[in-house]
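User: Please take a close look at the aromatic pairs in this model. I would like the geometry and the surroundings in one connected account.

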Amino acid sequence: MKHLGSILTAAVFAFWGAMNSLVFLRQLELEGLDRYRSGVTQFLGTGFLRERWMGIYRGGRKIGYTGYTFEKVFALEGIEVHSTLESRLEIEVFGVRQRVEIHGTLVADKELKPLSLQLDAKFQSQPAVTLAGRRGEGKLLVDVKVGSSAPFKMSLPLEELHLGDALVPSLPIAGLRAGDELRVPCFDPITLSRSVATVRVLRKEVIELDGMSVEAHYLETTFRGIVGKSWVNDASEVLIQRFGPPLGDVVLRKERRENAQRPFKE
């Protein structure tokens with residue numbers, strides 16, 4: 001028993017050393033990734049599931065919602081990141097009223113390169129679109145069906161990809177720093193094409209949210225010629241997002257899942 005104290009002390013120091021080594025190795029891993037992959041890794045953290053839900057408003061009236069679920073999955077082939085999109089909105093752009101409903105799932109490997117893609121998009125005045133993609137031949141091979149027409153094939157390069165919701169994307173990144181700039185390919189379900197979102201982290205600001213003053217990072221995101229302005233807190237939660245023309249009076253606000261979905265459940 002007289003040696004028990006020494007053994008426990010040695011064990012504590014060994015545990016402390018191992019934990020510090022893991023932290024150091026994790027930091028090396030993050031530094032070895034590009035900025036987007038590093039940001040997503042920090043966003044997911046040590047947990048396995050994160051959600052992001054936003055109510056969509058225009059002129060003070062709720063016109064829809066958009067929500068993401070991000071999940072880290074340990075598959076037989078290694079770590080995968082599953083992102084699931086659910087979005088519904090009614091919007092008028094250039095005088096044309098449009099109802100949009102999108103459901104999609106993107107499965108990516110640990111480098112955030114796509115393994116599979118499934119997306120269903122319904123529109124008020126356009127044919128429905130269904131996409132089913134699978135990795136093969138060094139690219140993502142996608143079968144596309146528009147309305148009742150015969151399906152056709154398209155392909156996307158094997159690169160980091162974010163599943164868009166037809167609006168300016170809010171990327172799942174953490175560790176924001178003023179001066180950061182990211183360029184991330186996003187799959188756009190409206191144009192059925194890959195477009196690049198450019199995100200710039202400009203500064204920290206204090207904003208008013210639900211009658212309270214909150215400090216947040218101010219970001220500007222350019223996508224398909226539209227500029228989105230976002231305020232993101234240190235927990236990587238998007239608090240508010242605003243858009244430039246032609247969506248100038250559309251605002252997204254952070255909400256709980258049940259509050260975001262409630263007015264639009266069938």
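Analyst: G136 stands opposite K139 in β7, but that hairpin lies outside your request; here are the rings. This is a predicted model: local features need pLDDT of at least 70, side-chain atom pairs count only at pLDDT 80 or more, and totals for chains, interfaces and linings use all residues. Residues are numbered from 1 along each chain as its sequence is written, and side-chain values use heavy atoms, with hydrogens and water left out.

The structure holds four aromatic pairs. Rings of Phe, Tyr and Trp (its six-membered ring) pair if their centres lie within 6.5 Å; planes under 30 degrees apart count as stacked, over 60 as edge-to-face and the rest as tilted.

One of the pairs joins W53 and Y65. It is tilted, at 6.2 Å centre to centre and 40° between the planes. W53 lies in strand β1 (residues 49–58) and Y65 in strand β2 (residues 61–75), so the pair ties together parts 12 residues apart in sequence. Strands here are DSSP runs of E, at least two residues long, numbered from the N terminus. Both W53 and Y65 are buried, meaning under 20% relative accessible area (1.4 Å probe, protein chains only).

Y68 and F70 are a stacked pair, because their ring centres are 5.4 Å apart and their planes meet at 15°. Y68 and F70 are both buried. With F43 they form one aromatic cluster.

F43 also has a charged neighbour: the charged end of R50 sits over the ring of F43, 4.1 Å from its centre. For that, NZ of Lys or CZ of Arg must be within 6 Å of the ring centre and within 35 degrees of the ring normal.

Notes. Two strands pair if DSSP finds at least two bridges between them. Helices (H or I, at least four residues) and strands (E, at least two) are DSSP runs, numbered from the N terminus. Buried means under 20% relative accessible area, exposed over 50%, partly exposed in between (1.4 Å probe, protein chains only).
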